Amino acid sequence: MNSWFKILFLSVFSFFTYGKAQEKVTIGEKQNVFSKVLNENREIWIHLPKTYNDKEINPAKYPVIYLLDGEINFEYYTGLSDFIARTPYADIPECIVVGIKNTERTRDLTPTKSQKKSPVNPEVTLFADSGGGENFVKFLQEELKPFINKNYRTQEYSILVGHSFGGLFAINTFLMHPDYFNAYVANDPSLWWDNEVSITRTKEYLEKNKKFPAHKMLYVSQADNEEKQKNWNSDMTQAIEKFKGIVEKNGSLNYKHTFFPGEVHGTVSYPGNYEALKFIFKGFRTDIKQLAKNPGLLEEDYKQFSKKMGTEFFPSESYLNVVLKFMKSNDFKEPETYFMNLKNKLYPKVK
């Protein structure tokens, strides 16, 4: 091989190998929303489902997950939610994930202003910037959610997810504004805050209302935080256990509590978020093999699932395409016809 041809070959080879290596895999986009409520600019990270821009199907609407501490949780959470939404094994519908990046975390996520003094210097108040939770939830409800609903195709089903102070915020939002979200996730929530003010609010809520609202869901994960000496870890554990006892004794809430042995406060949100999604969307998964025997089972399953969720859900067009492919490849002609008719009914072709 002469020298000039060798150089040309290497150039072409580099173009097709290293050139392809430059293609980027992206998991989301950044948006900026100015909040009049908070008087500041807020950065949010948005992850769209894999089918969101699929030109082969009709434009669909998707549930929205509002994820606190976005800068910590966004990367793993989007992969996790995509993984368990993949057909034909989907445990959840595909969802839009909105990660909310922090500016002043303690201010935004705590429900009351701290009066706790430093054990080292009694002149210093710990968490002096706390107590802005009501303002922050107002930002979510009146500014961020309308922004997301205006700019993206959203279904009227939303979930609030938080960890630690974020879990505290999620539970307080549930208690004070239960209608703002359909489901709430609190991973190792800091319910010890301000002499367990959230425990007091829970008791007051039940004294006034007797039971929790229908169709709402709350998932709480608990880390393995116990230590021999009394510190914030044991305070956190005791507060979470108190909350669990109150909620479970009442029995009216669609609630699940999971203790994760071996997971500490900083790691529990990962398994907690996985279990939370499976809990919230329990009943979503359908058995494609059973559909071959009983095609009408799919519509019945979704009818029951929608009743449980308090919101109407339908099988997605992308899932129906998977079902149709399965029926066709196995020569199940009658079920194939049934699902083709169902697809045409739910997703008519635009002329």
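**Exercise 1. Determine the accessible surface of the protein and the share of its residues that is buried.**

The accessible surface comes to about 19100 Å², of which 53% belongs to carbon and sulfur atoms, with areas taken from the Shrake-Rupley method with a 1.4 Å probe. This is a predicted model, in which local features need pLDDT of at least 70 and side-chain atom pairs count only at pLDDT 80 or more, while totals for chains, interfaces and linings use all residues. Residues are numbered from 1 along each chain as its sequence is written, and side-chain values use heavy atoms, leaving out hydrogens and water. Of the 351 residues, 49% count as buried, that is, under 20% relative accessible area.

**Exercise 2. Identify stretches where the pLDDT is below 50.**

Begin with the average pLDDT (the predictor's confidence in each residue, from 0 to 100), which is 91, with 90% of the residues scoring at least 70. Over residues 3-10 the value is below 50, and beyond near neighbours in sequence this stretch has one contact (heavy atoms within 4.5 Å) in the model. Residues 228-232 are also below 50, with three such contacts. Where pLDDT is low, the predicted coordinates should not be read in detail.

**Exercise 3. Work out the strand order of the sheet and find its edges.**

Eight strands (DSSP runs of E, at least two residues) form an open sheet of mixed pairing, in the order β1-β2-β4-β3-β5-β6-β7-β8; pairing requires at least two DSSP bridges between two strands. Next, β1 (29-35) and β8 (254-260) each have a single partner strand, so one side of each is left without a neighbour in the sheet. Finally, β6 (residues 183-187) and β7 (residues 217-223) run parallel and are joined by five bridges.

Technical notes
Helices (H or I, at least four residues) and strands (E, at least two) are DSSP runs, numbered from the N terminus. Buried means under 20% relative accessible area, exposed over 50%, partly exposed in between (1.4 Å probe, protein chains only).
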